[in-house]
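User: I would like to work through a structure with short questions. Please show it before we start.

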Amino acid sequence: MSRRKFIAGNWKQNNLLAESADLVNELLPLVQNIKSVDIAVCPPFTSLALVKDRLRGSAVMLGAQNAYAVEAGGKLVQSGAYTGEVSPAMLKDAGCEWVILGHSERRQYFGETDAKVNAKIRACYEVGLKPIICVGETLEERDSNRTAAVIDTQMRGCFANLPAAKVAESVIAYEPVWAIGTGRTATPAQAQEVHAQIRKLLSELFGAQTAAAVRIQYGGSMKPENAKELLAQPDIDGGLIGGAALKAKSFADIISAAV
Ligand code: PEP
């Protein structure tokens with residue numbers, strides 16, 4: 001099965017409104033003729049409405065970087081007394097098609113667990129918001145040969161009891177924690193090995209057809225210089241881009257590498 005490449009930019013906690021406007025205004029003309037790659041930008045919550053407005057008429061999609069969901073009384077809660085939180089229903093309403101879930105920074109600083117990610121995914125499915133689900137090992141885990149076991153645990157936890165049809169439309173980002181924001185990128189072979197493992201596990205959990213449909217992005221210091229080689233791997237279907245997504249030219253060059 002041929003999967004359409006998907007490049008998403010994770011702006012993290014960056015960009016005031018004027019900076020968000022400048023970035024998207026600079027990006028759009030650079031990518032307007034690229035029709036064969038899916039593109040999304042994921043600004044902070046405060047810039048979603050503005051960026052949505054700027055994206056009107058373009059194929060670039062909007063994503064958020066987190067959503068809140070909890071199960072109460074057997075139901076997934078999309079509104080209520082959860083001060084400071086934003087639900088998948090709200091993100092969908094704000095024009096988002098995508099949301100990043102389980103990013104390693106959220107796991108590290110905000111207590112995100114696989115079980116929490118699983119509830120968030122189910123709440124996204126409920127309202128038609130598509131998740132980009134992040135998994136990845138730390139340096140210590142890689143150095144002690146635990147990468148495969150860590151990925152297996154994260155995948156089984158995040159994907160427990162999900163419907164295959166929805167999983168097929170979801171995206172997974174393999175992001176080795178040691179490569180995020182460090183300038184140190186996984187080699188294409190290292191990344192491909194884990195991507196293949198993820199696809200094999202998806203096949204076991206949801207069947208071969210679903211596994212073949214799911215797009216698996218690589219994330220971790222992807223930049224114009226290394227994008228082409230990574231994207232040439234058979235199981236690498238795109239990229240989740242942090243630092244390089246904050247510069248329109250770099251982000252556009254990565255997208256061009258996916259054509
Ligand atoms: C990320 O945080 O999702 C990421 C991949 O960051 P960077 O590209 O800066 O390593």
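User: How many bridges join strand 3 to strand 6?

Analyst: This is a predicted model, in which local features need pLDDT of at least 70 and side-chain atom pairs count only at pLDDT 80 or more, while totals for chains, interfaces and linings use all residues. Residues are numbered from 1 along each chain as its sequence is written, and side-chain values use heavy atoms, leaving out hydrogens and water. Helices (H or I, at least four residues) and strands (E, at least two) are DSSP runs numbered from the N terminus, and two strands pair if DSSP finds at least two bridges between them. Strand 3 covers residues 61-64 and strand 6 covers residues 98-101; they run parallel, and the number of bridges joining them is two.

User: Which residue in strand 6 is the bridge partner of Gly63?

Analyst: The two strands, 3 and 6, run parallel. The partner of Gly63 in strand 6 is Trp98.

User: In what order do the strands of the barrel close, and by what angle are neighbouring strands turned on average?

Analyst: Eight strands close into the barrel with parallel pairing, in the order 1-2-3-6-7-8-9-10. Axes are lines fitted to C-alpha atoms, for helices over the stretch in contact, and angles run from 0 to 180 degrees between N-to-C directions. With direction ignored, neighbouring strands of this sheet are turned against each other by an average of 25°.

User: Which residue of strand 7 is the bridge partner of Val99?

Analyst: Strand 6 and strand 7 run parallel and are joined by four bridges. Among strand 6 residues, Val99 is buried on the side it shares with Leu101, while Trp98 and Ile100 are buried on the other. Val99 has as its bridge partner in strand 7 the residue Pro131.

User: At about what angle does helix 5 run to strand 6?

Analyst: Helix 5 spans residues 114-127 and lies across strand 6 and strand 7, the latter covering 130-135. Helix 5 runs to strand 6 at about 170°.

User: Is Glu137 buried or exposed?

Analyst: Glu137 is in the loop between strand 7 and helix 6 (139-143). Buried means under 20% relative accessible area, exposed over 50%, and partly exposed in between (1.4 Å probe, protein chains only). Because its relative accessibility is 0%, Glu137 counts as buried.

User: With which side chains does the side chain of Glu137 make polar contacts?

Analyst: A polar contact is a pair of N or O atoms within 3.5 Å; within protein, one must be able to donate a hydrogen and the other to accept it, and residues adjacent in sequence count only if both atoms are side-chain atoms. One such contact of the Glu137 side chain, at 2.9 Å, is with Tyr174. Another, at 2.9 Å, is with the side chain of Trp178. The partners asked for are therefore Tyr174 and Trp178.

User: What kind of aromatic pair do Tyr68 and Tyr82 form?

Analyst: Rings of Phe, Tyr and Trp (its six-membered ring) pair if their centres lie within 6.5 Å; planes under 30 degrees apart count as stacked, over 60 as edge-to-face and the rest as tilted. The count by this rule is five aromatic pairs. For Tyr68 and Tyr82, the centres are 5.3 Å apart and the planes make an angle of 40°, so the pair is tilted.

User: How far is the polar side-chain atom of Lys12 from an oxygen atom of the ligand?

Analyst: A residue is near a molecule or strand if one of its heavy atoms lies within 4 Å of it. Of the 14 residues around the ligand, those that come nearest include Lys12. Lys12 is in the loop between strand 1 (6-10) and helix 1 (17-31). Its polar side-chain atom lies from the ligand oxygen at 2.6 Å.

User: What is the phi of Asn145 near?

Analyst: Most residues other than glycine have a negative phi. Asn145, in the loop between helix 6 and helix 7 (147-158), counts as exposed at 73% relative accessibility. Its phi is positive, near 55°.

User: Which residues is Thr210 in contact with, leaving aside neighbours within four places in sequence?

Analyst: Thr210 is found in helix 10 (residues 208-213) and counts as buried at 9% relative accessibility. Contact means heavy atoms within 4.5 Å. Leaving aside those neighbours, Thr210 is in contact with Ala164, Val167 and Ala168.
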